[in-house]
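Work through the exercises below with the structure open. Try each task before reading its solution.

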Amino acid sequence: MILGLSTAEILEWISVILNILFTILLGREIRLGWLLGFVASAIGVWLYAEQSAWLMSALNGFYAAMGIYGWWNWGRTEVVGKITTMSLAMHVGMIALGGLITFGLVLLMRAIGLEGEYLWMEAFIAAFAIIATWLMSKKVLENWFYWTIGDAFGVYYNYKMEFNAYTLLMLVYIVLAVIGFINWRKQMTLQIATSEK
């Protein structure tokens, strides 16, 4: 124990700090953020697995993989600086996909006998986090909306799981999502103005 904190609590706080830096850097379109997200997610895999929160552990495994993908994708010359937006039809499709993924994850977890106390909530958070992460890696402006939805549920979930640092992280994420959206929208407006010259 260091400063009265267990190893798990110390790792949780390290993960929180790295996740905040990840979000700030990506909100500013700084590629390094993906690597910090990778490390934070790798820690999250272990922390949630220790609590038998298998969907959340798997979600963090997905985040870690997306950290590598995001790092690679944002490093490609043709992708750098191109923030895009989605149509209403695409949003409807993404929300429907989120519902299908949620339902599919619940069925999968029940089929393999890994039902947790908050299975539906875990599945919902995981589904919309998968969508948000994918949209972020593709630099779609509205990724920040999808993060906010998942993070709002994440506040309650992590509170119930007694992950105090992660509960705080979800609250910080909601604020950072608003800031990230504003920054990306400004950048996208600048891109459009530049391309019209």
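Helices here are DSSP runs of H or I, at least four residues long, numbered from the N terminus. The model is predicted.

**Exercise 1. Locate two residues with positive phi.**

Task: In which loops are Glu29 and Glu162 found?

Solution.
- Step 1. Recall the background: most residues other than glycine have a negative phi.
- Step 2. Take Glu29. Its phi is near 60°, a positive value in a residue other than glycine. Glu29 sits in the loop between α1 and α2.
- Step 3. Take Glu162. Its phi is positive too, near 65°. Glu162 belongs to the loop between α6 and α7.
- Step 4. Check the exposure of Glu162. The cut-off for exposed is over 50% relative accessible area. Glu162 has 64%, so it is exposed.

**Exercise 2. Describe the packing of α1 on α7.**

Task: At what angle do the axes of α1 and α7 cross, and within what distance do they come?

Solution.
- Step 1. Two packed helices are described by the angle between their axes and the distance between the axes.
- Step 2. Find the helices. α1 covers residues 7–27 and α7 covers residues 164–195.
- Step 3. Read the geometry. The axes come within 9 Å and cross at roughly 5°.
- Step 4. Apply the cut-off. Angles under 35 degrees count as roughly parallel. α1 and α7 are therefore roughly parallel to each other.
- Step 5. Look at the contact. The α1 side includes Trp13, Val16, Asn19, Ile20 and Ile24. The α7 side includes Tyr166, Leu169, Val172, Tyr173 and Trp184.
- Step 6. Sort the contact by class. It has 13 nonpolar, seven polar and one charged residues.

**Exercise 3. Repeat for α6 and α7.**

Task: Which is α6 relative to α7, roughly parallel or roughly antiparallel?

Solution.
- Step 1. Read the geometry. The two axes come within 8 Å and cross at roughly 170°.
- Step 2. Apply the cut-off. Over 145 degrees counts as roughly antiparallel. The crossing angle therefore makes α6 roughly antiparallel to α7.
- Step 3. Pick out the partners. Among them are Trp144, Phe145, Val155, Asn158 and Tyr159 of α6. From α7 come Tyr166, Met170, Ile174 and Phe181, among others.
- Step 4. Sort by class. This contact has 14 nonpolar, six polar and one charged residues.

**Exercise 4. Examine two asparagines.**

Task: Are Asn73 and Asn158 buried or exposed?

Solution.
- Step 1. Place them. Asn73 is in helix α3, residues 54–75. Asn158 is in helix α6.
- Step 2. Apply the cut-off. Buried means under 20% relative accessible area.
- Step 3. Asn73 has 1%, so it is buried. Asn158 has 2%, so it counts as buried.
- Step 4. Find the neighbours of Asn158. Leaving out residues up to four places away in sequence, Asn158 touches Tyr48, Phe163, Tyr166, Thr167 and Met170.
- Step 5. Compare sequence and space for Asn73. Trp134 is 61 residues apart from Asn73 along the chain, and their C-alpha atoms are separated by 11 Å.

**Exercise 5. Survey the enclosed space.**

Task: How many cavities of 30 Å³ or more are there, and what lines the largest?

Solution.
- Step 1. Rolling a probe the size of a water molecule over the atoms shows where empty space is left.
- Step 2. Count. There are two cavities of 30 Å³ or more.
- Step 3. Take the largest. It holds about 410 Å³ of space. Its lining has 31 residues, with Asn19, Tyr63, Trp147, Met170 and Tyr173 nearest the centre. Two or more lining residues come from each of α1, α2, α3, α5, α6 and α7.
- Step 4. Sort that lining. It has 19 nonpolar, 11 polar and one charged residues.
- Step 5. Take the second largest cavity, with about 30 Å³ of space. Its lining includes Trp54, Leu55, Met109, Leu119 and Glu122. α3 and α5 are the elements that give it two or more residues.

**Exercise 6. Inspect the largest pocket.**

Task: Which element gives the largest share of the lining of the largest pocket?

Solution.
- Step 1. The pocket has about 230 Å³ of space. It is lined by 13 residues, and Glu9, Glu12, Glu162, Phe163 and Asn164 are closest to its centre.
- Step 2. Elements giving two or more residues are α1, α2 and α7. The largest share, four residues, comes from α1.
- Step 3. By class, the lining has seven nonpolar, two polar and four charged residues.

Conventions
Residues are numbered from 1 along each chain as its sequence is written. This is a predicted model: local features need pLDDT of at least 70, side-chain atom pairs count only at pLDDT 80 or more; totals for chains, interfaces and linings use all residues. Side-chain values use heavy atoms; hydrogens and water are left out. Axes are lines fitted to C-alpha atoms, for helices over the stretch in contact, and angles run from 0 to 180 degrees between N-to-C directions. Angles under 35 degrees count as roughly parallel, over 145 as roughly antiparallel, 65 to 115 as roughly perpendicular and the rest as oblique. Contact means heavy atoms within 4.5 Å. Ala, Val, Leu, Ile, Met, Phe, Trp, Tyr, Cys and Pro count as nonpolar, Asp, Glu, Lys and Arg as charged, and the others, Gly among them, as polar. Buried means under 20% relative accessible area, exposed over 50%, partly exposed in between (1.4 Å probe, protein chains only). On a 1 Å grid over the protein atoms alone, a cavity is a set of points where a 1.4 Å probe fits but cannot get out, and a pocket is an open set with protein on both sides within 12 Å along at least five of seven lines; lining residues have an atom within 4 Å of a point. Grid points are joined across faces, edges and corners, and a volume is the space filled by probe spheres set on the points.
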